[in-house]
Amino acid sequence: MGVSSIFDAPDLRREFEEAGISLHFIPLIWKYVLKNPHCKLDDIASLPSAAYPVLNSKFTTFTSSVHSVIESNDGVTIKLLIKLKNGAFVETVIMKYDSRLGKYGGKPRPGGPRSTLCISSQVGCKMGCTFCATGSMGFKNNLSSGEIVEQLVHASHLTQIRNVVFMGMGEPLNNYTALVEAIRVMLGAPFQLSPKKITVSTVGVIHAINKLHKDLPGLNLAVSLHAPVQDIRCHIMPAARAFPLQKLMDALQLYQKNSQQKIFIEYIMLNGINDEEQHAHQLSKLLETFDVVVNLIPFNPIGSSSPFKTSSEEKVSRFQNILRGVYGIRTTVRKQMGQDISGACGQLVVNLPEKRSTEATSVLTDIEDLHLR
């Protein structure tokens, strides 16, 4: 079986319970490792003597390592390539933003530096979305809860993370148990993230959506809808055949009723496929009974062979105006970040660069480009 990550909460809890060690020591262990990433487990002070043999025989500080850190030319996006213990790789992306710099229509607003971390939950993905680079990898394996949390730990050594979005590689709700365990760790000490600052994105795994609000109340839910009718959805998202649109909308109605929270709708703009005025009207009527924010995402090309083209700015603007102006649906346009390092939406696919790192020489500013406030 091998050793587990110290951040694999279920394994650590089980071993401590079997050894009669109080679980109250677990956050202290995580806090120490977070501050001292190169420590040995014996270095952690003030633990019961029985804890050290358990830790040394069953656990290690990290089962993953940072293979490379690549920063975008504008310094706003940083992509970390993470090597897992099985030799596979995933990518996680830090997006930086400073609300004091006047990015909201040119008008400065109060605030300060913030960071959003885009986390992967699987190596590859089963969903096979035709516009997404990760989907072209196919599915390799699920990440453990510890491997998910370690992405946050690695990123925290570069900048303080305020928001976490599960929009990286994989379908989070297809790795449900590990996802829930990892988020529970993030909500507790020493990370202390607010559930309002964590967003789980899904293509619409209905049975998992029906459980999520009970297991993790208060989270943000983002749904990768990408089409207003089932036929188009199945064309660009083969997995949508398993999640009929009307059944998905029924599940979202129930989720919203129970959670009392906005739902974020992700909608990638594909020229001539789903970006015409009729599609905007269809989408608006589909969502008119919901409290939602629609996030329009300009398509990121994933190679010259891609069958899709990016919608023009004019089309995106017209689409937004219909949703917002005609139907009163709050609609934003995703600012594209990290395209020069293939770190933008839909571009995450493992292509190993030569190993190199970017030193953080100053306090990194941060971003909340997903409009999740």
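User: Is Arg-14 buried, partly exposed or exposed?
Analyst: This is a predicted model, and in it Arg-14 has a relative accessibility of 35%. Buried means under 20% and exposed means over 50%. Arg-14 therefore counts as partly exposed.

User: Which side chain meets that of Arg-14 in a salt bridge?
Analyst: Side chains of opposite charge can pair when their charged atoms come close. In helix α1 (residues 9-19), Arg-14 and its partner are three residues apart, so about one helical turn separates them. That partner is buried, at 16% relative accessible area. The salt bridge, at 3.2 Å from N to O, joins Arg-14 to Asp-11.

User: How many residues apart are Lys-79 and Glu-91?
Analyst: Their side chains meet in a salt bridge, 3.4 Å from N to O. Lys-79 sits in strand β4 (residues 77-83) and Glu-91 in strand β5 (residues 89-98), so the pair links distant parts of the chain. Lys-79 is buried at 9%, and Glu-91 is buried at 2%. In sequence, the two are apart by twelve residues.

User: Which helix holds Arg-318, the salt-bridge partner of Glu-277?
Analyst: The Glu-277 and Arg-318 side chains meet at 3.6 Å, N to O. Glu-277 lies in helix α9 (residues 277-287), and the pair ties together parts 41 residues apart in sequence; Arg-318 lies in helix α10.

User: Which residue's backbone nitrogen lies 2.9 Å from a polar side-chain atom of His-226?
Analyst: His-226 is in the loop between β11 (220-224) and α7 (230-236). With 5% relative accessibility, His-226 counts as buried. Its contacts include Phe-131, Glu-266 and Asn-274. The backbone nitrogen at 2.9 Å belongs to Ile-268.

Terms used: Residues numbered from 1 in each chain as written. Predicted model: local features only at pLDDT ≥ 70, side-chain atom pairs only at ≥ 80, totals over all residues. Heavy atoms only, no water. Helix = DSSP H or I, 4+ residues; strand = E, 2+ residues; numbered from the N terminus. Buried < 20%, exposed > 50% of the residue type's maximum accessible area, 1.4 Å probe, protein only. Polar contact = N/O pair within 3.5 Å; in protein donor to acceptor, adjacent residues only side chain to side chain. Contact = heavy atoms within 4.5 Å. Salt bridge = Lys/Arg side-chain N within 4 Å of Asp/Glu carboxyl O. Lists of a residue's contacts leave out its neighbours within four places in sequence.
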